[in-house]
Amino acid sequence: MTTWAQMHGIAAYEFRMHWRRRALLVMILAFVVLTGASILIAGDSLLRPENLDETRYRQVISAYAIFTAWMPLGVGLALILPVMVADTIPLDRQYGVRDLLDSLPVSRAVYLGGKLVGMWAAVLAGLGIGLTFVALVWTLRVGMFDLSSYVEMVLAGAASVAILNGGLGVLLAVGQPTRRRAILVVIGALALFIFVLPTITNNWDLRLSFNSQILNPLRMPIINRYLFNVQAEAGLSVESAALMVPPEMVRDTILAGLAELAVVWALAWGWLRWRFDRT
């Protein structure tokens, strides 16, 4: 019971701190403003033509709705979010919070778990608010669309990338004493992953690099699914058909990302233990 109470306390503190530091708020507001403006500008052009039946029209605007939301969000979650949360643990050392926690009977696993849960809760809450607002704007400006596909994008796309890459951003910087060094380490680690593993920049054929793609923190199978699958399925882009990602690859990418996160968590836990035993 004490363990859960400690984790809840750390998570609640971290949840509040992420909102107070404003970076998360700025990211969500930027997404809402950018996506909302795109919807308002393109709204008239997406009204239903007289020669298009209702079923086909809903399929088309559903594809546009997902593409419009996912295009800025997917890249932001994959690349910006890890850097944004990199200072989560180093700030504790700067503010003296870590020294206080070291004097209390709080295990390293509880500390790391509370930090991750608090960050995840803050990011997912922000995404939920932002994506709900975007869906409402789309419905009011253009009309109803396929909510099931949109919810799939929110859960399998946005939520999974936020959990995986946000977690990596927190854990990769666990040994850094300052936020600046933490940010540089996370940027360097992401760059190493991107350039060492085949990515969208040098290999568009996911079938030729399946294993490396599912481990890459760019999460290209997930990003490609909601950029290209929806267009190809709606018949909006012939070129997108060659880049379609099967649901199994999205599932494997999420599972591989969770395994990757578990390994990094174990390394972060080991580093905290080594540091504590040394002092």
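The following exercises, with worked solutions, concern the nonpolar cores and one pocket of a predicted model.

**Exercise 1.** Determine which helix gives the most residues to the largest nonpolar core.

*Solution.*
Step 1. The largest nonpolar core has 64 residues. Those with the most contacts inside this core are Trp70, Leu77, Leu127 and Tyr150.
Step 2. The helices that each supply at least two residues are H1 (2–20), H2, H3, H6 (108–141), H7 (147–172), H10 (220–233) and H11 (247–278).
Step 3. Among these elements, H6 gives the most, with 13 residues.

**Exercise 2.** State which residues Leu127 touches, leaving out those up to four places away in sequence.

*Solution.*
Step 1. Contact requires heavy atoms within 4.5 Å.
Step 2. With sequence neighbours up to four places away not counted, Leu127 touches Ile28, Leu73, Leu77, Thr132, Ala158 and Ala162.
Step 3. Leu77, one of these partners, is also listed with Leu127 among the residues with the most contacts inside the largest core.

**Exercise 3.** Describe the lining of the second largest pocket: which residues are closest to its centre, and which helices contribute?

*Solution.*
Step 1. The volume of the second largest pocket is about 160 Å³.
Step 2. The pocket is lined by 11 residues, of which Ser38, Tyr64, Phe67, Thr68 and Met71 are the closest to its centre.
Step 3. Two or more lining residues come from each of helix H2 (23–42) and helix H3 (54–84). The greatest contribution is that of H3, with five residues.
Step 4. By residue class, the lining comprises nine nonpolar residues, two polar and no charged.

Technical notes. Residues numbered from 1 in each chain as written. Predicted model: local features only at pLDDT ≥ 70, side-chain atom pairs only at ≥ 80, totals over all residues. Heavy atoms only, no water. 1 Å grid on protein atoms, 1.4 Å probe; cavity = no way out; pocket = protein on both sides within 12 Å on 5 of 7 lines; lining within 4 Å. Points joined across faces, edges and corners; volume = space filled by probe spheres on them. Helix = DSSP H or I, 4+ residues; strand = E, 2+ residues; numbered from the N terminus. Nonpolar A, V, L, I, M, F, W, Y, C, P; charged D, E, K, R; others polar. Core = buried A, V, L, I, M, F, W, Y, C linked by side-chain atoms within 4.5 Å. Buried < 20%, exposed > 50% of the residue type's maximum accessible area, 1.4 Å probe, protein only.
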